[in-house]
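Work through the two exercises below with the sequence and the coordinates open, and try each task before reading its solution.

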Amino acid sequence: MTTVLGIESSCDETAAAIVRGDATAGCGEILSNIVFDQMDLHAAYGGVVPEIAARAHAEKLDVAVAQALGKAAVSLRDVDAIAVTTGPGLIGGLVAGIACAQGLSLGSGVPLVAVNHLEGHALTPRLTDGLAYPYLMLLVSGGHCLFLIVRGPGQHERIGTTIDDAPGEAFDKVAKLLDLGFPGGPRVEAIAKEGDPERFALPRPLMDRPGCDVSFSGLKTAVRLVRDDLVAKGGMTDGDIADLCAGFQAATRAVLVGKSKRAMAQFREVFPDIERTGFAIAGGVAANGSLRAGLETLAGQERFETVFPPLNLCTDNGAMIAWAGLERFAAGLHGDLVPKPRFPIASNPMHGVWTGKRGAKV
Ligand code: KG4
Ligand code: ZN
């Protein structure tokens, strides 16, 4: 059994956890999982403010680590490795997390393992459900949208991503457009329940193009245009807002379910002999009940078994970093302790649209 301390501070959660497990068997136990979110600090701005996030991480990282060790009733001497997120993420938070991990390692002699935040999400279904390699993964959060074939630690093939906004980002922006508050996802979902998803004809971006890439910025603009039109005609009623939320959610679901079907077909091309396999869905948007139901139905038709890790392990946390660190440590993949705001998870080359001015984003 290996015991790992995981430290996460790449966005707006300051988190530390202790996980004990066996990488070969693909099973682990979470001994503690401490998460301090910064929701209150950023709420007034309608999004994460990097400077505020970095200060809050610096303030709380040592507390998170102390609580994680205390709750797990282990001392640093019992820990085999310290895993820390080195990217992708906001530079201030990454630097704070790495400095904290380096200090702990220097004082204790426990080795460090660098973890890609996205790999933390991607390997979580092994920690929670013991999912066997290889499996298909859909990561849908406020910052990312990725279809991955996951074969092992450090072995990920990206078969689709967003060419602009992430789905959670689109939910948040739509909520902002309609004055519903932040974070937008849960509010849009709650209001959509009262609405008619077919009243407004909203686009299904990129569904007319082959492949698994997705796009949400045009959909968000379409919502804005409908809103502007309603406002110009005298204002929006609660019914209008509900219909618009329902239409937006239905379009997002149609795109993600449609592209998931293609991702499943691609997985089958790579592994034609595997009869039943896992389809894991993680990230904050995986909380959306309508999306979940759509993906469950599709998976049933395509002979994939859905795995939705529990929500507190889908959103950012230290246990996922500890687990990914545990698998990497067992495989001898220590990585380099360099903060990388951009840190592609996959080794396969990317073409044009996936690459920003300063290189690959994810
Ligand atoms: O994974 P996450 O906690 O943070 C990162 O992005 O790393 O995801 C947060 C995102 C937010 O954009 C939030 O609006 C979205 O997940 N979200 C939802 C729901 N709950 C959270 N989106 C749609 N429906 C939901 N129920
Ligand atoms: Zn995340």
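**Exercise 1: the sheet and its helices**

In E4, Ala83 is the bridge partner of Gly6. The model is predicted, so local features require pLDDT of at least 70 and side-chain atom pairs pLDDT 80 or more, while totals for chains, interfaces and linings use all residues. Residues are numbered from 1 along each chain as its sequence is written, chains are lettered from A and ligands numbered from 1 in the order in which they are written, and side-chain values use heavy atoms, with hydrogens and water left out.

Task: establish in which order the five strands form the open sheet, and which strands stand at its edges.

Solution. Begin with strand E1 (residues 2-8) and strand E4 (residues 81-87), which run parallel and are joined by four bridges; strands here are DSSP runs (E, at least two residues) and helices likewise (H or I, at least four residues), both numbered from the N terminus, and two strands pair if DSSP finds at least two bridges between them. Next, E2 and E3 pair in the antiparallel sense over 10 bridges, with Arg20 standing opposite Glu29 in E3. These two strands form a hairpin with four residues between them, and Gly26 in the turn has a positive phi of about 70°. The resulting order is E3-E2-E1-E4-E5, with mixed pairing. Strand E3 (27-37) and strand E5 (112-116) are at the edges, each with a single partner strand, so one side of each is left without a neighbour in the sheet.

Finally, add the helices: helix H2 (residues 50-72) lies across E1, strand E2 (13-22) and E3 at about 30° to E2, whereas helix H11 (residues 318-330) lies across E1, E2, E3, E4 and E5 at about 45° to E2. Contact means heavy atoms within 4.5 Å, and the angles, from 0 to 180 degrees, are taken between N-to-C directions of axes fitted to C-alpha atoms, for helices over the stretch in contact.

**Exercise 2: the ligand shell**

Task: determine which polar contacts ligand 1 makes with Glu189 and Gly284, and how much of the ligand the protein buries.

Solution. A polar contact is a pair of N or O atoms within 3.5 Å. A nitrogen atom of ligand 1 is 2.7 Å from a side-chain N or O atom of Glu189, and an oxygen atom of the ligand is 2.9 Å from a polar backbone atom of Gly284. Ligand 1 taken alone exposes 550 Å², of which the protein buries 86%, by the Shrake-Rupley method with a 1.4 Å probe.

Definitions and conventions: A polar contact is a pair of N or O atoms within 3.5 Å; within protein, one must be able to donate a hydrogen and the other to accept it, and residues adjacent in sequence count only if both atoms are side-chain atoms.
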